[in-house]
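Hi,

Here is the structure I promised to pass on to you. Have a look at it first, and then read my notes underneath.

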Amino acid sequence: MTPIGNDAARQAFIAAAEGESLHHAWLLSGPEGVGKGSFARDMALRLLATALDGRSRMHGQIGDDHRVAALIAAGAHPDYRELVRLPKDPDKPDQDIARSIKIDQVRALQPLFATKPALSPRRVIVIDSIDDLERPGANALLKNLEEPPVGTIFLLVSHSPGRLLPTIRSRCRQLRFEPLTDDQVAAVIRTELPDTDPAEVAALVAAADGSPGRALAYAGLSVAALDRDLSEIAETGDADNRIRSRLAKSLAGKTAQPRYAVFLDRAPALIAATARTCTGPALRDALDAYDKARALASMAPALSLVAETTVFEMAGLVARLAQGRRFA
């Protein structure tokens, strides 16, 4: 599949890879969900295939039957490692993912670095994301970045590079990824989810804010319906609490948790979008509502606040926008 978006970052990396020397550590930075992780894995495949084949494989398709592609897919490539947050219970890989990448995962790389790459002169390490690396692990990794093992390329994904150790940032060449345009996000959605209704595609694009990863995570959660309810509350004020009561009940169950998470994201976003159209007292009120909505959206999961109460309170903040419009 042809990559969508961030052509400049891709071209810059490929030019470096095809040049005389390739920096040993790259920091792939930018908003979450814009394709940094998939880019890192694609470039890892291409770097290893290039090293094995003895000619550039940085352009064009690499078939699934290529030796490097097959080994990576099987988790058996001796010169490729990927560090991500692991499940707390290996028997439940889709549940209870650890909150960080542990130092033991970094330490497990050290025997690898004590030897030369096995299949070619090159080895690639992908960390997605280095933001998740606990501090002792970051310190352990820093030693490898300061004294890079022979033939090793590090591809480090970061959503918040400002939070990283300055010494890690200084050892890396930074490659910046930008949010995708609405047309590009829509193209990703249509490619990945070809049966999605056009109205839902439009809602997912609006919710994505330039991040196709976020859009795909929201797929199947009826974002368009949530947005319609929130917009109606903002327009009318929902004086009889009809809409907010219905939302509170529908988003309170355990099975509704994914949509509840979307609601906590979309409500502050709608308030922010409305604030951009306001002036004077209406703007001040919208900004105050936005600050409170953001705080509530952040606190609710962290403090395990009751979902029904949280939704009702959040919808009340959205309803304040209607009052602001009346007095604008």
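Below is what I found, from the cores to the helices.

Please keep in mind that this is a predicted model, where local features need pLDDT of at least 70 and side-chain atom pairs count only at pLDDT 80 or more, while totals for chains, interfaces and linings use all residues. Residues are numbered from 1 along each chain as its sequence is written, and side-chain values use heavy atoms, leaving out hydrogens and water.

The largest nonpolar core has 75 residues. Such a core is a set of buried Ala, Val, Leu, Ile, Met, Phe, Trp, Tyr and Cys residues joined through side-chain atoms within 4.5 Å, and buried means under 20% relative accessible area with a 1.4 Å probe, protein chains only. Among the residues with the most contacts inside this core are Phe 13, Trp 26 and Met 314. Leaving aside residues up to four places away in sequence, Met 314 touches Phe 263, Leu 264, Ala 267, Pro 268, Ala 293, Leu 296 and Ala 297 (contact means heavy atoms within 4.5 Å). A second, separate core has 22 residues, including Ile 130 and Leu 141.

Leu 141 also appears in helix H6 (residues 135-146), among the buried residues there with Gly 137, Ala 138, Leu 142, Asn 144 and Leu 145. Helices are DSSP runs of H or I, at least four residues, and strands are runs of E, at least two, numbered from the N terminus. Why are the buried residues on the same side of H6? They cover an arc of only 160 degrees around the axis, taken from the directions from the helix axis to the C-beta atoms. Their cover includes strand S1 (25-29) and helix H7 (166-171).

Enjoy exploring!

How values were computed:
Buried means under 20% relative accessible area, exposed over 50%, partly exposed in between (1.4 Å probe, protein chains only). The expected span of a helix is 1.5 Å times one less than its number of residues.
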